[in-house]
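Open the model in your viewer and set it to cartoon. The stops below say what to select next and what is there.

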Amino acid sequence: MAEKTVGEKLKEELFLKKENPLKNISDEKWEKVTAFAQDYKAFLAKAKTEREAVKVSIEIAEKAGFKPFDAAKKYVVGDKYYVNNRGKSIAFVVVGKQPADSGLQITAAHIDSPRMDLKPNPLYEDSDLALFKTHYYGGIKKYQWTTIPLALHGVFAKKDGSVVEVNIGEDDSDPCFVVTDLLPHLAQEQSKRTLNDGIRGEELNILIGSLPFKDDKASELVKLNILKILNEKYGVTEADFLSAELEVVPAVKPRDIGLDRSLIGAYGHDDRVCAYPALAAICEIEVPEKTALCVLADKEETGSDGNTGLASDFLRFVVRDLAEMQGVDYTVALRNSKCLSADVNAGLDPTFKDVMEAKNAAKLNYGAVITKYTGARGKSDTSDASAEYVAYVRNMLDSAGITWQTGELGRVDLGGGGTVALYVANMGVDVVDLGVPVLSMHAPFEVVSKFDVYETYRTMLEFCK
Ligand SMILES: [Zn+2]
């Protein structure tokens with residue numbers, strides 16, 4: 001082999017390296033990557049809504065020794081507890097050797113995903129078919145949600161205080177549901193609509209039945225028959241929809257993608273693909289130097305508002321409870337805390353490369369992606385992480401040999417988006433976004449790379465240990 005020239009050597013020293021990290025991955029490492037992917041897929045299959053994600057997370061955490069928070073208890077180093085916020089968001093805490101005012105290591109991900117929610121008065125009959133009216137949740141391309149099998153998840157909360165869980169469409173023996181679309185033969189008018197308007201919000205109606213109740217006199221017999229089925233199964237009447245949270249999600253299971261099985265296709269990667277690594281990491285640590293806190297939030301997809309979103313005081317109060325127990329100031333604890341806002345970024349899609357600026361686009365298989373800022377319109381609506389904090393994270397990643405990259409959410413002034421980072425930053429915490437690049441984000445079936453998921457998990461573990 002020819003000796004390297006001075007220029008080649010200098011280039012090696014000065015340039016940022018951008019080689020495919022999987023070129024020389026060892027079999028041993030790949031085995032770990034695929035094993036973690038199996039665990040993640042199992043989590044994902046059971047956690048399709050925020051409520052289910054909380055439930056499954058508690059099951060996993062309790063096996064690792066976490067117990068429900070007890071305000072009367074005095075927690076000591078190594079104790080593990082969780083604070084369940086209305087069954088829709090949750091914080092896991094492992095008490096560290098140092099007191100809370102030396103700062104916490106916080107990982108924050110969200111467990112809500114784009115979907116269609118049933119309206120308070122959803123059920124109707126039209127043309128002898130029964131349907132549900134929906135109001136979509138989060139940013140979706142509506143046309144993607146038609147003509148695919150759908151499942152119904154959620155709860156009816158009854159006046160007597162009881163809550164009935166609903167989960168129909170996931171088991172192979174279950175029926176599923178669908179939003180119908182127009183046949184191309186009769187879509188001449190529809191085809192003139194813009195893509196954004198191709199399917200309208202009020203056209204996202206879910207087909208749920210067609211059999212009439214057998215009666216010669218009553219009207220709306222198909223609707224009646226559906227209510228009879230629901231009444232027999234869940235003990236509910238039409239009025240119970242008024243106090244229900246029923247979410248319509250794709251009835252698809254997580255699957256390996258590609259002949260080489262290197263990718264995962266599933267509904268709800270955003271942001272369970274970061275929530276699961278964060279959870280797995282906090283479940284693995286024993287006695288951290290600083291207190292580790294993993295918060296899994298709701299409502300990120302609609303702006304983090306509400307008492308289960310991260311714009312609320314939930315996280316602040318979890319930190320305050322711990323600080324007060326230790327007799328230290330919680331504002332100092334927050335000010336000294338560090339956070340990884342574990343959220344996804346857009347991966348570079350070879351079919352739609354022009355929405356990205358190549359030098360600052362995240363790529364699948366290039367590892368966990370640091371997003372220094374999100375937002376839009378000249379960095380508005382974002383927490384732009386400080387250079388010093390990014391340097392801290394960079395050093396941590398490199399020291400641990402973790403593969404990582406940086407990314408921006410698309411070309412300047414093309415669009416934009418946000419994460420929970422700014423809400424945590426507004427509490428005085430140092431925050432940066434770090435997570436997994438995704439293809440087809442917010443679609444019913446999103447794609448991520450197994451390797452990126454694993455490197456994100458390693459990051460979370462390194463950060464909280
Ligand atoms: Zn999202």
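What is the order of the strands in the open sheet of nine strands? Reading across that sheet, the order is 1-2-3-14-4-15-19-17-18, and the pairing is mixed. Keep in mind throughout that this is a predicted model.

**Edges of the nine-stranded sheet**

Select residues 67-68 and 404-406. These are strand 1 and strand 18, the edge strands, and each of them pairs on one side only. Now add residues 80-85, which form strand 2. Strand 1 and strand 2 run parallel to each other and are joined by two bridges. To see one of the pairs, pick K67; its bridge partner in strand 2 is Y81.

**The seven-stranded sheet**

Next, find the open sheet made of seven strands. Its order is 8-7-11-5-6-10-9, with antiparallel pairing. Select 163-168 and 178-179 to show strand 8 and strand 9 at the edges; each has a single partner strand, so one side of each lacks a neighbour in the sheet. Then select residues 150-157, which are strand 7. Strand 7 pairs with strand 8 in the antiparallel sense, over six bridges. Centre the view on A157 and look across to strand 8, where V163 is its bridge partner.

**Helix 5**

Select residues 269-284. Is helix 5 mostly covered or uncovered? It is mostly covered, since 14 of its 16 residues are buried. Put a distance between the C-alpha atoms at the two ends: they are 22 Å apart, which agrees with the 22 Å span expected for 16 residues at 1.5 Å a residue.

**Two domains**

Colour 19-113 together with 267-464 as domain 1, and 115-250 as domain 2. The centres of the two domains, taken over C-alpha atoms, lie 33 Å apart. Where they touch, domain 1 supplies 12 residues and domain 2 supplies 14 residues. On the domain 1 side of this contact there are four nonpolar, four polar and four charged residues.

**The whole chain**

Zoom out to the full chain, which has 10 helices and 21 strands. Along the principal axes, its C-alpha atoms fill a box of roughly 90 × 65 × 45 Å. The radius of gyration is 24 Å, in agreement with the value near 23 Å for a compact globule of 465 residues. Of the 465 residues, 43% are buried. Among contacts with a separation of 6 or more, 75% are between residues 24 or more positions apart.

Conventions:
Residues numbered from 1 in each chain as written. Predicted model: local features only at pLDDT ≥ 70, side-chain atom pairs only at ≥ 80, totals over all residues. Helix = DSSP H or I, 4+ residues; strand = E, 2+ residues; numbered from the N terminus. Rg over C-alpha atoms; globule rule 2.2 N^0.38 Å. Buried ≥ 20, exposed ≤ 12 C-beta atoms within 10 Å, placed from the backbone. Contact = placed C-beta atoms within 7 Å. Domains from an automatic or database assignment. Nonpolar A, V, L, I, M, F, W, Y, C, P; charged D, E, K, R; others polar. Expected span 1.5 Å × (residues − 1). Pairing = 2+ DSSP bridges.
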